[in-house]
Amino acid sequence: MPESTPTPRLSTKISAIAESATLKVDAKAKALQAQGRSVISYAAGEPDFPTPEHIVEAALVAARDPKAHRYTPAAGLPDLRAAIAEKTRRDSGLEVDPSRVIVTNGGKQSVYEAFQVLLNPGDEVIVPTPFWTTYPEAIALADGVAVDVFADASQNYQVTVEQLEAARTPRTKVLLFVSPSNPTGSVYSPEQTKAIGEWALEHGIWVITDEIYQNLTYDGVRATSIVEAVPELAEQTLLVNGVAKTYAMTGWRVGWTVGPADAIKALGNLQSHLSGNVNNIAQRAAIAALTGPQDAAEAMRDAFDRRRKLIVGELNKIDGFETPTPQGAFYVYPDVTALLGRTFGGVTPTTSLELADLMLDQAEVAAVPGEAFGPSGYLRFSYALGDDQLLEGVQRLQRLFAS
Ligand code: PMP
């Protein structure tokens, strides 16, 4: 008799999910705060503002309406799908029927489901790097293979068509396109976007375009959607978006995917068994967000813009920080490789993970190390925190690295 291998206690696929490198810093920051230490954290990936009042009001009205206490269609309320179609026309330059929209439990669910419906085992996904932490895990969970293509600070963290072409194989099925980017805040120009879109079209590669930071751009820059730059690409593109970042609604959990009819049908089937509809009340709040006055969202964007200028200016005063000026999202992503191998307060960090640890220990400042998003040597600072704290934290770093 052959020896039987023991049955794993848990799913090997799920057990292989990597613990996020952000958790280490985050857990330590929280533990220090619990001890009463004055930690300033740049680790959060969410706006610090409350959700605008008229959106909250719409939810309160909905909560008192028994019609909102029921299931909605799994793909979402018809009025919300229509509002999303209109938003997609306005901001992504794509005319779509509301039937081409599915409402999801946040952009994160959109990302997960997109890989589930597009990938077969072994299919490759080109992932411009630095990348948002969730992508490689979502790809692995769909039995796909993430192929990282790295762009450093000298290329403003933007991959070129030549780099993409070098990474293409017969198994390449999907290109991920994220502009503005988390973690770098980088925004591709219309010309670059068009060149990348034409490359994907020419090679029959699907595009998943994550447009969650689309409305958070600065310096008069507009994020051009890849389907606006290359309209023929619409039949092989899934657009991911949501209300979380633009309207300070991270906790409400409303996102969506827009795409061709067959993919949206597949997504609907998947979601009908996975989670069904998104919270009915939150969907009504999202309608208010998309169709109501935009001045509160605009005021938040203005505040982010002010903080962006403040943090970039202050970080660049630190010898060893190379900080490109981001034109979108609410993150800055300095290259800190020049600081590695140097000694501060008796400690010599050799990775950005160790550098982040050192900053937390010696200056009580938390930032997320580059290891969470790709290669070591970088730090992600979110500037979604109040101006005073924002300045105080960077000043602490200026003192730490001056020593
Ligand atoms: N995409 C990117 C690039 C993100 O940074 C986030 C949030 N961190 C999401 C998608 C998901 O957003 P949510 O699920 O909150 O809508």
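**Sheets, pockets and cavities in a predicted model**

Two bridges join β9 to strand β12, which spans residues 379–382, and the two strands run antiparallel. This pairing is a good place to start a tour of the structure, which is a predicted model. One of the contacts between these strands can be followed residue by residue: Y331 has S382 in β12 as its bridge partner. Both strands belong to an open sheet of three strands, ordered β9-β12-β11 and paired in antiparallel fashion. At its edges stand β9 (331–332) and β11 (368–369), each of which pairs on one side only. Helix α13, made up of residues 352–363, packs on this sheet and touches β11 and β12. The direction of α13 makes about 45° with that of β12.

A second sheet, also open, has seven strands in the order β2-β8-β7-β6-β5-β3-β4, and its pairing is mixed. Here β2 (101–104) and β4 stand at the edges with a single partner strand each, so one side of each is left without a neighbour in the sheet. On average, and with direction ignored, neighbouring strands of this sheet are turned by 20° against each other. Within the sheet, strand β6 (residues 206–210) and strand β7 (residues 237–242) run parallel and are joined by four bridges. T209 stands opposite L239 in β7. A helix is found against this sheet as well: α4 packs on it, touching β2, β7 and β8 (255–258). The direction of α4 makes about 110° with that of β2.

Attention now turns to the empty spaces. Rolling a probe the size of a water molecule over the atoms shows where empty space is left. The largest pocket holds about 1,100 Å³ of space. Its lining consists of 44 residues, and those nearest the centre of this pocket are G45, K108, W132, T134 and K245. Helices α2 (21–34), α5 (107–118) and α6 (134–141) each supply at least two residues of this lining. Sorted by class, the lining of the largest pocket comprises 23 nonpolar, twelve polar and nine charged residues. Both domain 1 (12–50 + 296–402) and domain 2 (53–291) take part, with at least three residues of the lining drawn from each.

The second largest pocket contains about 300 Å³ of space. It is lined by 16 residues, of which D91, Q214, N215, L216 and R301 are the closest to its centre. At least two lining residues come from each of α4 (78–92) and α12 (295–315), and α4 is also the helix that packs on the seven-stranded sheet. Five nonpolar, five polar and six charged residues make up the lining of the second largest pocket. This lining, too, draws at least three residues from each of domain 1 and domain 2.

Cavities are present alongside the pockets: the structure holds three of 30 Å³ or more. The largest cavity has a volume of about 140 Å³. Among its 16 lining residues, P128, P130, V178, S181 and Y188 lie nearest the centre. Strands β3 (124–129) and β5 (172–178) each contribute at least two residues to the lining of the largest cavity. That lining has eleven nonpolar and five polar residues, and no charged residues. The second largest cavity encloses about 60 Å³ of space. Its lining is formed by F177, S179, T209, D210, E211, Q214, A223, T224 and S225. These residues divide into two nonpolar, five polar and two charged. Two of the names have appeared before: T209 stands opposite L239 in β7, and Q214 is one of the residues closest to the centre of the second largest pocket.

The backbone also has some features worth a look. Most residues other than glycine have a negative phi, and most peptide bonds are trans. T129 and P130, however, are joined by a cis peptide bond with an omega of about 5°. P130 sits in the loop between β3 and α6 and is one of the residues nearest the centre of the largest cavity. Another cis peptide bond joins N182 and P183, with an omega of about 20°. P183 belongs to the loop between β5 and α8 (190–202). Finally, Y157 is a residue other than glycine with a positive phi, near 60°. The place of Y157 is the loop between β4 (145–150) and α7 (161–167).

Methods: Residues are numbered from 1 along each chain as its sequence is written. This is a predicted model: local features need pLDDT of at least 70, side-chain atom pairs count only at pLDDT 80 or more; totals for chains, interfaces and linings use all residues. Side-chain values use heavy atoms; hydrogens and water are left out. Two strands pair if DSSP finds at least two bridges between them. Contact means heavy atoms within 4.5 Å. Axes are lines fitted to C-alpha atoms, for helices over the stretch in contact, and angles run from 0 to 180 degrees between N-to-C directions. On a 1 Å grid over the protein atoms alone, a cavity is a set of points where a 1.4 Å probe fits but cannot get out, and a pocket is an open set with protein on both sides within 12 Å along at least five of seven lines; lining residues have an atom within 4 Å of a point. Grid points are joined across faces, edges and corners, and a volume is the space filled by probe spheres set on the points. Ala, Val, Leu, Ile, Met, Phe, Trp, Tyr, Cys and Pro count as nonpolar, Asp, Glu, Lys and Arg as charged, and the others, Gly among them, as polar. Domain bounds come from an automatic or database domain assignment.
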